[in-house]
Amino acid sequence: MSKFFASVGKRVRFYRKAAQLSQEELGALLNIDQSYLGKIERGEVNITLETIQKISDVLNINPSQLFEEEKDKTTKEKNELLNKIDLLLVNLKLDELKTIYRIIKDILLFK
């Protein structure tokens, strides 16, 4: 398949692993076979927008995150770290997020 499908598949794999899900677990949550998920992650199939939406919903990410291109290695690493942070924070309560924001803001003042 195309380079584009492969890059989308890589990001699906990245977010799945960041969510600490196996292919089998994510496949079950998506109601798709594990082997089909493997093909998605390897960029061997052209998935529908509906499947993109399901993956995004289950992994708690914005669908656009599966399409972002990294321009260089530094940008790629930075985006991966930001996405990992996002995955850690996405399920926190509002008051917890406010506390973390204040801590980060204070840390950055001493930078």
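## An all-helix chain: contacts, aromatic pairs and Glu 41

Of the contacts between residues at least 6 apart in sequence, 62% join residues at least 24 apart in the protein chain. The model is predicted.

**Overall build.** The protein chain holds 6 helices and 0 strands. From the N terminus, its elements run α-α-α-α-α-α. The C-alpha trace spans about 50 × 30 × 20 Å along its principal axes. The chain has 111 residues, and buried residues make up 26% of them.

**Surface and charge.** About 8000 Å² of the protein chain is exposed. Carbon and sulfur atoms supply 56% of that area. The chain carries 19 positive and 17 negative charges. The mean positions of these two sets lie 4 Å apart.

**Aromatic pairs.** A pair of aromatic rings is described by the distance of the centres and the angle of the planes. The whole structure contains 3 aromatic pairs. Two of these pairs, Phe 4 with Phe 67 and Phe 14 with Tyr 15, are set out here.

| Pair | Geometry | Centre to centre | Angle between planes |
|---|---|---|---|
| Phe 4 and Phe 67 | stacked | 5.9 Å | 10° |
| Phe 14 and Tyr 15 | edge-to-face | 5.1 Å | 75° |

The pair of Phe 4 and Phe 67 links distant parts of the chain. Phe 4 sits in helix α1 (residues 3–18). Phe 67 lies in the loop between α4 (49–59) and α5 (73–89). The two are 63 residues apart. Phe 4 has 39% relative accessibility, so it counts as partly exposed. Phe 67 has 33%, so it is partly exposed as well. Phe 4 and Phe 67 also belong to one aromatic cluster with Phe 5.

Phe 14 and Tyr 15 form the edge-to-face pair. Both Phe 14 and Tyr 15 are buried.

**Glu 41.** This residue belongs to helix α3, which covers residues 34–41. Is Glu 41 buried or exposed? Its relative accessible area is 1%, and therefore Glu 41 is buried, as the cut-off for buried is under 20%. What does its side chain contact? The side chain of Glu 41 makes a polar contact with the side chain of Arg 13, at 3.4 Å. Beyond residues up to four places away in sequence, Glu 41 touches Ala 6, Gly 9, Lys 10, Val 12, Arg 13, Arg 16 and Gln 23. Arg 13 thus appears both as a polar partner of Glu 41 and among the residues that Glu 41 touches.

Conventions:
Residues are numbered from 1 along each chain as its sequence is written. This is a predicted model: local features need pLDDT of at least 70, side-chain atom pairs count only at pLDDT 80 or more; totals for chains, interfaces and linings use all residues. Side-chain values use heavy atoms; hydrogens and water are left out. Helices (H or I, at least four residues) and strands (E, at least two) are DSSP runs, numbered from the N terminus. Buried means under 20% relative accessible area, exposed over 50%, partly exposed in between (1.4 Å probe, protein chains only). A polar contact is a pair of N or O atoms within 3.5 Å; within protein, one must be able to donate a hydrogen and the other to accept it, and residues adjacent in sequence count only if both atoms are side-chain atoms. Contact means heavy atoms within 4.5 Å. Accessible areas come from the Shrake-Rupley method with a 1.4 Å probe; for residues, only the protein chains shown count as cover. Lys and Arg count as positive and Asp and Glu as negative; His and the chain ends are not counted. The place of a charge is taken as NZ of Lys, CZ of Arg, CG of Asp or CD of Glu. Rings of Phe, Tyr and Trp (its six-membered ring) pair if their centres lie within 6.5 Å; planes under 30 degrees apart count as stacked, over 60 as edge-to-face and the rest as tilted.
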